[in-house]
Amino acid sequence: MSNDYTPPKVWEWDQESGGKWASVNRPIAGATHEKTLPLGKKPLQLYSLGTPNGIKISVMLEELLALGKEAAAYDLHVINIGKGEQFGSDFVKLNPNSKIPVLLDTAQSPPQAIFESCAILHYLAEKFAVLLPADARERTQCLSWLFWQESSASFLGGGFGHFYSYAPYPMEYPINRYAMEAKRQLDVLDRHLAEQDYMCASTYSIADIAIWPWYGRLVLGEIYDAAEFLDVASYKNVARWARSIAMRPAVKAGIAA
Ligand SMILES: N[C@@H](CCC(=O)N[C@@H](CS)C(=O)NCC(=O)O)C(=O)O
């Protein structure tokens, strides 16, 4: 195997590296510009976008509203990450990591900001005492799958999705590496879902809400246009689970939001 790239002694930022996110991604943190965030009147303010991580939270909030939790009323403010709005000064104060989604709970005094989508799901499940099993054993299992999602998604999105869909040209080595890992993760889910209808305790929970926008939508052919390439049809249990969740009214509403 050969390659015409030799890493320099010290890495330098090549701003012209190409790819879909080249003009947005930077090797430095912090705000790039002053920007006040809009603030609505509802108890929860969601700063987000319709990406897999963003969808998790709008679906969760719609599920809470469907359960009659009026205090889950929210205003949704779009943060256009393609235009660098995640680097605005107010947004960076709420999330120093400059990524959507961010939730601001204005029912708390002072308002509570939460970043990291799975931390937001956990926060909301605890606040409203739903969608997280009460039984200690089942709750622990549910949190294991929640954390599994958080650590696995980087391989699927930042690894496979990036090199398959967003890189400036196809590269065999990274596509092979991350396609293998994406398929391994799908197989993990498929074997698990062969035994039960949902990710934990056979009831719909925040683990399903976290995992579905990534792996569910992948097998439904809704992200990365990779259904055929990854032969997603062979993960029959994941497909069954994905289809049943896609039919939930709150999931449709969360995506529409
Ligand atoms: N682990 C984080 C990941 C969040 C994340 O990567 N968000 C992406 C959109 S899905 C983003 O804001 N990207 C903007 C950027 O990288 O500058 C979470 O689950 O909240």
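Two strands count as paired if DSSP finds at least two bridges between them, and the exercises below apply this to a predicted model.

**Exercise 1. Establish the strand order of the open sheet, and determine which strands stand at its edges.**

Solution. Following the pairings across the open sheet of four strands gives the order β2-β1-β3-β4, and the pairing is mixed. The edge positions fall to β2 (74-78) and β4 (112-115), and because each of these has a single partner strand, one side of each is left without a neighbour in the sheet. From one strand to the next, the twist averages 20 degrees.

**Exercise 2. Work out in which sense β1 pairs with β2, and in which sense β3 pairs with β4.**

Solution. Begin with β1 (residues 44-48), which pairs with β2 in the parallel sense over five bridges; within this pair, Y47 stands opposite H77 in β2. Then turn to β3 and β4, whose pairing is antiparallel and extends over four bridges, with L103 opposite I114 in β4. The connection from β3 to β4 is a hairpin of six residues.

**Exercise 3. Find the strands across which helix α1 lies, and give its angle to β1.**

Solution. Helix α1, which spans residues 52-66, lies across β1, β2 and β3 (102-105). Its direction runs at about 155 degrees to that of β1.

**Exercise 4. Identify the residues that touch the most other members of the largest nonpolar core, and the helix that gives the most to this core.**

Solution. The core holds 58 residues, of which M60, L121, I206, A207 and V238 touch the most other members. The helix that gives the most is α6 (residues 206-219), with 10 residues. Taking M60 as a worked case, and leaving aside residues up to four places away in sequence, one finds that M60 touches L121, L124, I206 and I209.

**Exercise 5. Decide whether G221 is buried, exposed or partly exposed, and locate it in the chain.**

Solution. G221 is found in the loop between α6 and α7 (236-246). A residue is buried at 20 or more C-beta neighbours within 10 Å and exposed at 12 or fewer; G221 has 14 inside that distance and therefore counts as partly exposed. Between G221 and A233, which are 12 residues apart in sequence, the C-alpha to C-alpha separation is 9.7 Å.

**Exercise 6. List the residues that surround the ligand, and divide them by character.**

Solution. The shell around the ligand consists of V24, T51, N53, I81, Q86, S98, K99, I100, E116, S117, C118 and E150. Sorted by character, these residues comprise four nonpolar, five polar and three charged.

Methods. Residues are numbered from 1 along each chain as its sequence is written. This is a predicted model: local features need pLDDT of at least 70, side-chain atom pairs count only at pLDDT 80 or more; totals for chains, interfaces and linings use all residues. A residue is near a molecule or strand if its C-beta atom, placed from the backbone, lies within 6 Å of it. Ala, Val, Leu, Ile, Met, Phe, Trp, Tyr, Cys and Pro count as nonpolar, Asp, Glu, Lys and Arg as charged, and the others, Gly among them, as polar. A nonpolar core is a set of buried Ala, Val, Leu, Ile, Met, Phe, Trp, Tyr and Cys residues joined through C-beta atoms within 7 Å. Helices (H or I, at least four residues) and strands (E, at least two) are DSSP runs, numbered from the N terminus. Two residues are in contact if their C-beta atoms, placed from the backbone, lie within 7 Å. Axes are lines fitted to C-alpha atoms, for helices over the stretch in contact, and angles run from 0 to 180 degrees between N-to-C directions.
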